[in-house]
Each structure stands twice: as structure tokens, then as C-alpha cells.
Amino acid sequence: MTTKVIPIQSNVRPPRVVPERYDGLALADTLGRGLRDLRISVTDRCNFRCTYCMPREVFDEQYRFLPQSDLLRFEEITRLARIFVGLGIKKIRLTGGEPLVRRNLDDLIRQLATLNVDLTLTTNGSLLAEKAVALKAAGLHRLTVSLDSLDEATFRAMNDADVGVAQVLEGIHAATAAGFSPIKINMVVKRGVNDAHLVEMARHFRGTGHIVRFIEFMDVGTTNGWRLDDVIPSAEVLRRIGAVFPLEPVSPDYRGEVAERWRYRDGGGEIGVISSVTQAFCRDCNRLRLSTEGALFTCLFGSSGYDLRTLLRDGADDATLRDHIAALWRARADRYSELRMAQTALPESARLRRVEMSYIGG
Ligand code: SAM
Ligand code: SF4
Ligand code: SF4
């Protein structure tokens, strides 16, 4: 059986893989990296228009999102997830777009919760107040909520969707009451936009048990107008917070953990920094991404995905699907962030196309 490539903004093809029977050995890619994390995008739609992710000029009324029939159904996602777990996946993160806009998401969570895996979800928090209890009851283990500023005007300007800070804080509050704790809070830091508020964010969540993670603004996709000058390096974030609340490093939980962990010296809790621009962590990258329509990406900055949906819908059995996934991982050589500077020196027209974050999932 041959596997087609879904040509998502494609100008290069993923590695050609020749699937052989999977031999049951732990998987390693061409750089010796194991397979551990799977991110599943459950929708390419979102009720926000964050300027760094889905700028309204591009994602406007004319923008054609995927039709329902192209989306993987919950049963298809669960079937693939079971195969991934058999190949070594230990953690599944549901993401998007905004995962909570996908109807009946708790049905999917109930199905995935039967697998032996750490099950987590990233959300913009706007619908969390009404959904937190159902998510917990369905078996979701952990939550990450994105919140870019506590300053009302800044937050509204960044989400460009008329949602205020209070609505997200209410969601975090409801999720805490439902039993999700600690919650991770993601803040993308963009120079001149919200960096003036990063110490305030740290202060607000100090002592709550929740963990704020400061993320360097990345050049995902091709629509967000990324410039290196807009990136605040994590070292600067740590310097600014550490000047007010002294910090010390904490060892990672496991190899390949994305966030570098720090804690307040006075016992006020923990923060994290995600430095994919200034300190690429490709060396330990153990993540696979399954797009909303069933394309498998071996890197966040990929140009095209590996079409699992056609295999699924053509009636491939589990062993065949497993062989294709295993072969794709073994052929993997991605390390975009380590090569970024060579790419970003080129004009956009000469650079490799990159899939949008809202399609592939953060
Ligand atoms: N809609 C959900 C949310 O915002 O949490 C889940 C999907 S979103 C793509 C996942 C994460 O990616 C969010 O924390 C978001 O802030 C982050 N993100 C999106 N675009 C980014 C960019 N250009 N650089 C860094 N992080 C980004
Ligand atoms: Fe939507 Fe999340 Fe992207 Fe913001 S970051 S536009 S909330 S998918
Ligand atoms: Fe992993 Fe690609 Fe990010 Fe490197 S650039 S850490 S390979 S997703």
C-alpha cells in the first residue's frame, strides 16, 4: 500500500518511507530521538484571532476552514491514539485551533481516557468556565490555559476577539474548582506588545500553585509577520522576573521537556520558559503532531504532512498503520529550530513553507 502526502502549502515532501513490519523495538529517529509526546489538533477553527497566530487579515470571513467531513472522527482519533501508545507515546495533548469549540469534545476525552497515557489539553480559556466540570468528569488529567496579559487593553488587542481578561480568569478559577491543579498558564511574550506585563503575570500567579510559562514568539506558519527583533529571549524574561522575585533552576521532569523550569527562592512556586528561538531544543525533541484532518507532522515547522486519514478510510488494519508511523519516525531528521537562523536570513519567498500553528496544533 502506498501512502499519499497531503499537500498542505507543500513545496517539499516529507521523507519517503518504506514501511516494513514494525519489529517491536523502541523507536528512534535518524538522530537517535525516541517517540514520547503526541499532539492532536481537533479543529482548525478558533474563536480568537491572536495576532501572532491567526491574524484577522488572513483568517477573515473568506477564509476556508476544513469541512466537517475532512476532520478525523473521534473513533478514528482514538484508534490512531491506541496505535501510537503501542509505539511508545506516553503523553497526548489535545489542541487546535481552539479545542473547546469542537462539539462534544468530552466524548473524545472519555475514549482517550481509557488509554494508559497522560492526557492533557491546551485552551485559550474563554469557554472553560462552562466546560471545566465536564472535562474533568470525562477523564482529562491536566490543563494548560493561554493568557498573554492581565492588562485588559493589551489582552484584547492580542486576541482581537472581544474577550476580556476576567473571562479567562473565571475559566481558570472554574477549572481549579473542578480539580485541575496545578494549571499551566502560557504567555507568548512579544517585544513592545506585552513584555511590560510579564512581571505582573508572574506576581499574579505566585503562590497559587499554577505555573506560568513564558514562551518566545516563534516564526510558525507564514502569516504572523515574525521578526527576530520582536522576540524577547527567555534569558531576559528570567532576568526581569528574577530582579523582583529571585529564582533558581529546577531539574527537568524528563528528557525532552519543552519548558525549562525555575522556582522562586522564597518558596512562592514555579515558572517555566520555552526558548525555542534562542535555545533550540531539537536535540531531544520527541513530539509528533496529528493535524485536524489526519496528517502526521514530525516537526512544528513542517511543510507537509503524512496522510494517515486515507490509509484509515481505505481500510488499513492496525498493523499497517503502525508500520507506516514507525517508518516515518525512523526516517525523521527534523531540527528546524537549530537551522532557523539560516532560514530566517532568506527572504520569505525563498524560505521553506511552514504549516500554520492553528492547523497543526501548538
Ligand atoms: N487555542 C489554544 C490556545 O491558544 O491555548 C490551543 C492552540 S494554540 C496554537 C497553542 C499554544 O501555542 C498557545 O499557548 C499559543 O499562545 C501558542 N502560540 C501560538 N502561536 C505562537 C507563536 N507564533 N509563537 C509562540 N507560541 C505561539
Ligand atoms: Fe486561537 Fe490559540 Fe491561535 Fe490564539 S493561539 S488564535 S487562541 S489557536
Ligand atoms: Fe522539534 Fe521541530 Fe521544534 Fe526542533 S523545530 S524542537 S524538531 S518541533
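Two strands pair if DSSP finds at least two bridges between them; strands are DSSP runs (E, at least two residues) and helices are runs of H or I with at least four, numbered from the N terminus. This is a predicted model, where local features need pLDDT of at least 70 and side-chain atom pairs count only at pLDDT 80 or more. Residues are numbered from 1 along each chain, and ligands from 1 in the order in which they are written.

**Stop 1: strand β3.** Select residues 91-95. 5 of the 5 residues are buried (under 20% relative accessible area, 1.4 Å probe, protein chains only), so β3 is largely enclosed by the rest of the structure. K91, R93 and T95 point one way; I92 and L94 point the other way. In a regular strand the side chains alternate between the two faces of the sheet.

**Stop 2: the neighbouring strands.** Add β2 (residues 37-41). β2 and β3 pair in the parallel sense over 5 bridges. K91 is the bridge partner of D37. Helix α1 (residues 74-86) carries the chain from β2 to β3 in a right-handed β-α-β crossover (clockwise from the first strand over the helix to the second, with the strands pointing away from the viewer). Now add β4. β3 and β4 pair in the parallel sense over 4 bridges. I92 has L119 as its bridge partner.

**Stop 3: ligand 1.** Show residues with a heavy atom within 4 Å of the ligand. 20 residues surround ligand 1, with G97, S146, N186, M218 and M357 the closest. A backbone N or O atom of M218 lies 2.9 Å from a ligand nitrogen atom. For G97, the corresponding distance to a nitrogen atom of ligand 1 is 3.0 Å.

Methods: Side-chain values use heavy atoms; hydrogens and water are left out. A polar contact is a pair of N or O atoms within 3.5 Å; within protein, one must be able to donate a hydrogen and the other to accept it, and residues adjacent in sequence count only if both atoms are side-chain atoms. Buried means under 20% relative accessible area, exposed over 50%, partly exposed in between (1.4 Å probe, protein chains only).
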